[in-house]
Structures are given as structure tokens and as C-alpha cells.
Amino acid sequence: MAKPQSKTEKKIDNNIRVTLTAVCEQLLKDIPGFKWLTHQANYTNFPASLLITCVFETEQDKNTAEQNGDKSKIEKLIQAKLLRAGIKFKAIGKQVVLDSEEACERDQQGDWAERLLVNGGREIRGNRPGFNR
């Protein structure tokens, strides 16, 4: 996939990455089973194309988070932090998704790049240590 081409796109992407890194650190403290997150965006349709995937260790961790209302807490935290960076969501409920390491291992043999491609061909940006695309 192509990386953002313009200086503006690179600046936006860097702002997102920095902001989401702080969000990730907070979620690691607050949400049991949460492991990491990443974002994808097609900058020709931004911010509507922004998709944030929050990854849990197991499907049970993910399901528990959904049942406990943690998805809403995650969405509110992400929305508040990105709004401070000047990024406003169009449909936060559709732009933040929960996933799990367990599901990726089962369905894509642990290949997150392949799994994330299924989410609409957006540019993949990792906030996970060692995740580079």
C-alpha cells in the first residue's frame, strides 16, 4: 500500500500515531486484556476513512470488554484525544473496531497485515511496537 504522499498527509498521520500511542498506554492500564491498537486511513477520504482497530489478547477478553461497556469508553477516549489533535470522526461507532490476537491467529495464522487489509484497503499504520508497514 502507498504511504501518504503529501507533507500534510504525513503530518496528519504522525499526529494520529502520537495521539494513539498515548491512548494505547492508557488503555493498557485501564482495560483488562487490551494489548495494542493500530490505525488505517485512506487520505483521499479523510477523516471518514479513519479506522482504529483495538486488539485484545483473546476473544473472551474482547467479548468481556464489549459486555462491560468498555468499547464505549475506548471510543470516547479516542474521540476526545483525536479531537484535541484536530481530527473529528464521522461515525465513531463504525470507525473503532475491536479484534483479538486469538482471532487473527485462527483466521490469518497471525498475519495482521493480511487481516487488516480485509478492513477496506486503507493505509495501515501501526502503533504496536515492531509493527511496520
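**Close-up views of the predicted model**

**View 1. Overall arrangement of the protein chain.** The protein chain has six helices and four strands. The model is a predicted one. Read from the N terminus, the elements of the protein chain follow the order α-β-β-α-α-α-β-α-α-β. Of the 133 residues in the protein chain, 44% are buried. Among contacts in the protein chain between residues at least 6 apart in sequence, 62% join residues at least 24 apart. The protein chain exposes an accessible surface of about 7,200 Å², and carbon and sulfur atoms account for 47% of that area.

**View 2. Strand β3 and its pairing with strand β2.** Strand β3 comprises residues 96-100, and because four of these five residues are buried, the strand is largely enclosed by the rest of the structure. Strand β2, residues 51-56, pairs with β3 in the parallel sense, and the pairing extends over five bridges. Within this arrangement, V55 stands opposite D99 of β3.

**View 3. The buried face of helix α5.** Helix α5 spans residues 101-108, and its buried residues are A103, C104 and Q108. Seen down the axis of α5, these buried residues fall within an arc of 100 degrees and therefore line one face of the helix. As general background, an α-helix has 3.6 residues a turn, so residues three or four places apart point the same way. The packing partners of the buried residues of α5 are α2 (59-67), β3 and α6 (112-117). Strand β3 thus appears again in this view, having been described above as largely enclosed by the rest of the structure.

**View 4. Q109, the residue that follows helix α5.** Immediately after α5 comes Q109, which is found in the loop between α5 and α6. The phi angle of Q109 is near 50 degrees, a positive value in a residue other than glycine. Is Q109 buried or exposed? With a relative accessibility of 59%, Q109 counts as exposed, whereas Q108 is one of the buried residues of α5.

**View 5. The aromatic pair F34 and F56.** The model contains three aromatic pairs. In one of them, the ring centres of F34 and F56 lie 5.8 Å apart and the ring planes meet at 85 degrees, so the pair is edge-to-face. The pair links distant parts of the chain, with F34 in strand β1 (residues 34-41) and F56 in strand β2, 22 residues apart. Both F34 and F56 are buried.

**View 6. The aromatic pair W36 and W112.** An aromatic pair is also formed by W36 and W112, with 4.9 Å from centre to centre and 80 degrees between the planes, and this pair is edge-to-face. Because W36 lies in strand β1 and W112 in helix α6, the pair ties together parts that are 76 residues apart in sequence. At 4% relative accessibility, W36 counts as buried. W112 likewise has a relative accessibility of 4% and counts as buried. Helix α6, which holds W112, is among the elements against which the buried residues of α5 pack.

**View 7. The cis peptide bond between F46 and P47.** F46 and P47 are joined by a cis peptide bond, for which omega is about 10 degrees. P47 is placed in the loop between β1 and β2.

Technical notes
Residues are numbered from 1 along each chain as its sequence is written. This is a predicted model: local features need pLDDT of at least 70, side-chain atom pairs count only at pLDDT 80 or more; totals for chains, interfaces and linings use all residues. Side-chain values use heavy atoms; hydrogens and water are left out. Buried means under 20% relative accessible area, exposed over 50%, partly exposed in between (1.4 Å probe, protein chains only). Helices (H or I, at least four residues) and strands (E, at least two) are DSSP runs, numbered from the N terminus. Two strands pair if DSSP finds at least two bridges between them. The arc is that of the directions from the helix axis to the C-beta atoms. Contact means heavy atoms within 4.5 Å. Rings of Phe, Tyr and Trp (its six-membered ring) pair if their centres lie within 6.5 Å; planes under 30 degrees apart count as stacked, over 60 as edge-to-face and the rest as tilted. Accessible areas come from the Shrake-Rupley method with a 1.4 Å probe; for residues, only the protein chains shown count as cover.
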